[in-house]
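Please find below my comments on the charged side-chain pairs of this model, set out as numbered points for your consideration.

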Amino acid sequence: MKKYVFLGIITCFALPFTSGCSFFNPSSNIEVSAPNAGTTESDNAASEGETTPSSDVEDSSYADSSINADEAETTPDIQTTIGYVLSVDENTMYADLKNTGSRLYPGEGEDRKVAFDISNAEQVQTNISEFNPATDNLISPGIQVTIEYYVENGVNIATKLTSDGDEKEPYSPVAIGKVNAVSDTELSISVTEGDNIGETITFNLSVCDPISDPISVDSQVAIAYYTKQDINYAIYVGCMS
């Protein structure tokens with residue numbers, strides 16, 4: 001009996017040193033979580049480095065493209081052309097852009113004239129002399145002008161007008177020859193001098209100045225004329241013999 005009692009005492013003293021005794025190990029049933037449990041090191045790094053874009057900060061590339069687009073819209077496309085000034089009506093200039101030199105017939109270009117707003121155009125005179133003095137308003141009918149302009153809402157707006165200010169005299173070719181036929185409305189000659197020698201040309205007399213000298217077949221005449229729509233209009237006829 002004493003033997004069993006002695007063994008029991010030894011067993012009780014040994015219990016605290018064994019891992020199986022729950023009485024002296026109260027924390028064995030409590031779960032302890034490590035910091036950031038379930039989170040990897042890379043996830044933490046990503047979280048620390050993550051930033052949220054601010055709605056107040058614009059994308060610089062978008063802003064630059066917007067500025068460039070605005071500049072393109074506000075900068076006019078300047079074009080350059082040359083014209084013959086037909087007339088000027090206050091701040092509007094009408095020009096012939098097809099024939100920019102002397103008129104080949106009265107009223108030439110009126111059917112194709114182009115309007116330009118010159119209210120704010122710079123005017124530059126390139127040739128100033130005693131016979132061609134500088135003027136405050138350079139643009140006048142009869143001169144050739146270089147036009148720098150842009151188009152806005154269908155209107156040609158001139159920014160700069162450049163001219164030597166010299167008026168172009170109407171161009172009237174002269175034909176000299178022998179009369180083949182003559183009537184109240186027409187005169188036909190065989191050309192003997194100048195261009196078109198040997199050719200026969202017929203002239204309309206409807207706009208011609210009165211002919212002072214009598215003209216008959218074989219008379220030698222000089223005729224100033226212009227051509228419009230393939231019709232030769234005599235504006236002056238002078239008898240040479």
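1. Since accessibility enters several of the points below, a residue is called buried when its relative accessible area is under 20%, exposed when it is over 50%, and partly exposed in between. Lys113, with a relative accessibility of 37%, therefore counts as partly exposed. The model discussed here is a predicted one.

2. Lys113 forms a salt bridge with Glu110, and the closest N and O atoms of this pair lie 3.5 Å apart. Glu110 has a relative accessible area of 39% and is likewise partly exposed, so that neither Lys113 nor Glu110 falls under the 20% limit for a buried residue.

3. Salt bridges that share partners join Asp96, Arg103, Glu108 and Arg112 into one network, and two of the pairs within this group deserve separate description.

4. In one of them, the side chains of Arg103 and Asp96 meet in a salt bridge with an N to O distance of 2.8 Å. Arg103 and Asp96 are both buried.

5. In another, the side chains of Glu108 and Arg112 meet in a salt bridge, here with an N to O distance of 3.2 Å. Glu108 is buried, its relative accessible area being 5%, whereas Arg112 is partly exposed at 26%; the two partners are therefore placed in separate classes, because 20% is the limit under which a residue is called buried.

6. As to the overall tally, the count comes to 4 salt bridges, among them the pairs Arg103 with Asp96, Glu108 with Arg112 and Lys113 with Glu110.

Notes. Residues numbered from 1 in each chain as written. Predicted model: local features only at pLDDT ≥ 70, side-chain atom pairs only at ≥ 80, totals over all residues. Heavy atoms only, no water. Buried < 20%, exposed > 50% of the residue type's maximum accessible area, 1.4 Å probe, protein only.
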